[in-house]
Amino acid sequence: MEKILITGGAGYIGSHTAVALVDAGYQPIIVDDFSNAEKSVLDGLQKITGQSIPCYEGDCNDKRLMERIFSENELTGVIHFAAYKAVGESTEHPLNYYRNNIFSLLVVLEIMEIYGVENLVFSSSCTVYGQPDTLPVKESTPRKDAESPYGNTKKICEDILTDHVKSKARLSAIALRYFNPIGAHPSGLIGELPTGVPSNLVPFVTQTGAGIRNELTVFGDDYDTPDGSCVRDYIHVMDLAEAHVKSISYLKNKTAPLYDLFNVGTGKGNTVLEVIRAFEKVSGKDLNYKIGPRRPGDVEKVWADTEKINRELNWQPKYTLEDSLRDSWNWQLALSKNPA
Ligand SMILES: NC(=O)c1ccc[n+]([C@@H]2O[C@H](COP(=O)([O-])OP(=O)(O)OC[C@H]3O[C@@H](n4cnc5c(N)ncnc54)[C@H](O)[C@@H]3O)[C@@H](O)[C@H]2O)c1
C-alpha cells in the first residue's frame, strides 16, 4: 500500500482525510504534536477504519523526527495540515504563527527533497482572497492583503511553494484553498474539537443547541446579501477530505516540477440565517439567537468558483448543507455525552 504522511493528521481535517485515504486504499501515517488534538482521535480512527493508523507523536518542525519518519517509511506523498489556525490568537502571538506555520513547511520541503518524495498537498485557505471584487471567486482572482498574521502565513506558504517549484525543484505540489469546512464523519466518532469559545459559526450553533452557550449572536443583518447576514461557502469535511485524495492521485500521474492551486468549496453561498434555519430543521431545536452589530474584520460574502477542481481533479461535493449540519450536530451530541 502506498504511504501518505499527514502532518497534523490527528486534527479536524487531517483525521477525516486519514479515513478518506484508507477508503481509497492508501496507508496514512500521522505526525502530530497534539497541540490541538486529543489522543482519543486515534481510537475513533481505529473504529471507523478497522485498523490502527500509525502515528508519530511530535513536532514536524523537528528535523530529526521528520528524518526518522522519512527513513522508516517509503512515502508516496505528504499532506501538510499541521499549523496553528486561530485568527484572533494569531494577532496576539504572531511570531508563534509565523514560526510554526512557515517553518514547518520549510522543514517538510527540505526533507522531501532529501528523500526524493515529490508529491505534496498543502492546506491553504480562502482567507487569501479577503473580500473579492467579483463572485464567485476563481483561483486566478488576485489575493488581497492579509487581514491577520494567520492569513499572511497562508499567503507566504503559497509563495514559498511557487518559488520552490520555479527553482525546478523535484516537487509536484497542490495548494487547496479551503472555504468553510464544517460537519463531521457521519459515524459521529471523529469531528472538530472544541477549543474555548468558538469563533466559527457552526461550532457556536451546535454548542448553543446543546446548551453550552446561552445565545448565538448573528453579527450584522444589514449586509448586501439576500437576508442581510454574511455569506460563506460551507463544505462538508468529508468532501474536503476527498479533495486531498484526488489531489494525491492527480499528482502521482504528473511530472515534477509542478505547482497548482484549487478552490475547495461547494460553489454555493449560504447566509448565517440560512445555516441557523437548516440547523433548526435537522436538530428539531429552536436556536436562541439575536442580531448584533457587525463584527470588525468580517468579510461580507465569499463563495467559490469550483469549475477548476471539478474539471481537473474530477472532484464534486456530495454532501448538502443539511447533511453537514446533521453530522455536526451528531458530533456535538457525541461530545456532550462523552467529552474529549
Ligand atoms: N478548519 C478550517 O476552517 C480551515 C480553513 C482553511 C484552512 N485550514 C487549514 O487546514 C489545516 C488543518 O486545519 P484543521 O482545522 O484540521 O486544524 P486542527 O488544529 O484541527 O489540526 C491541525 C493539527 O496540527 C497539529 N499541529 C499543529 N502544529 C504542529 C506541529 N508543529 N507539528 C505537528 N503537529 C502540529 C495540531 O495538534 C492539530 O492536530 C491547517 O493548516 C489550517 O490552517 C483550516
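This text leads through a predicted model, from its ligand to its helices, core and loops.

Start at the ligand. Its shell holds 27 residues. Gly8, Gly11, Ala37, Ala83 and Ser123 are the closest. By type, 12 residues of the shell are nonpolar, 11 are polar and 4 are charged. Four elements each supply at least two residues of this shell: helix H1 (12–23), strand S2 (27–32), helix H5 (94–115) and strand S5 (119–125). H1 gives the most, with 3 residues.

A record adds a label here. In an unreviewed entry, UniProt lists residues 5–327 as "domain: NAD(P)-binding". In the model, that span is 40% helix and 18% strand. The C-alpha atoms at its two ends lie 27 Å apart.

Now follow H5, one of the elements that line the ligand. How far apart should the ends of its 22 residues be? At 1.5 Å a residue, H5 should span 32 Å. Its end C-alpha atoms are 31 Å apart, so the model agrees with the expected span. Many positions along H5 are listed as buried, including Tyr97, Asn100, Asn101, Ser104 and Leu105. Further along, Val107, Val108, Leu109, Ile111 and Met112 are buried too. An α-helix has 3.6 residues a turn, so residues three or four places apart point the same way. The buried residues of H5 pack against six elements: strand S1 (3–7), helix H3 (63–72), strand S4 (75–80), helix H4 (87–92), S5 and helix H6 (149–166). After H5 comes Gly116, with a positive phi near 65°.

Next comes the nonpolar interior. The largest nonpolar core has 99 residues. Within this core, Ile30, Val264 and Val275 touch the most other members. Helix H8 gives the most to this core, with 9 residues. In soluble globular proteins, nonpolar side chains tend to be buried together. Take Val275 as a case. Beyond its neighbours within four places in sequence, Val275 is in contact with Leu201, Val202, Val205, Tyr234 and Asn270.

H8 covers residues 237–252, and Lys246 lies in it. Is Lys246 buried or exposed? Lys246 has 22 C-beta neighbours inside 10 Å, so Lys246 counts as buried; the cut-off is 20 or more. Leaving out residues up to four places away in sequence, Lys246 touches Leu313, Asn314 and Trp315. Thr153 is 93 residues from Lys246 along the chain, and their C-alpha atoms are separated by 25 Å.

Asn314, one of the contacts of Lys246, leads to the loops. Asn314 sits between helix H10 (307–312) and helix H11 (321–337). Its phi is positive, near 55°, though Asn314 is not a glycine. Asn314 counts as exposed because it has 10 C-beta neighbours inside 10 Å. Phe34 also has a positive phi, about 60°, and is not a glycine. Phe34 is in the loop between S2 and helix H2 (40–49). With 14 C-beta neighbours inside 10 Å, Phe34 counts as partly exposed.

Finally, look at two prolines. Where does Pro136 lie? Pro136 is in the loop between S5 and H6. A cis peptide bond joins Leu135 to Pro136, with omega about -5°. Pro257 is in the loop between H8 and strand S11 (258–264). The bond from Ala256 to Pro257 is cis, with omega near 0°.

Key: Residues are numbered from 1 along each chain as its sequence is written. This is a predicted model: local features need pLDDT of at least 70, side-chain atom pairs count only at pLDDT 80 or more; totals for chains, interfaces and linings use all residues. A residue is near a molecule or strand if its C-beta atom, placed from the backbone, lies within 6 Å of it. Ala, Val, Leu, Ile, Met, Phe, Trp, Tyr, Cys and Pro count as nonpolar, Asp, Glu, Lys and Arg as charged, and the others, Gly among them, as polar. UniProt positions are given in the numbering used here, feature names are shortened, and annotations may be inferred rather than shown by experiment. The expected span of a helix is 1.5 Å times one less than its number of residues. A residue is buried if 20 or more other C-beta atoms lie within 10 Å of its own, exposed if 12 or fewer, and partly exposed in between; C-beta atoms are placed from the backbone. Two residues are in contact if their C-beta atoms, placed from the backbone, lie within 7 Å. A nonpolar core is a set of buried Ala, Val, Leu, Ile, Met, Phe, Trp, Tyr and Cys residues joined through C-beta atoms within 7 Å.
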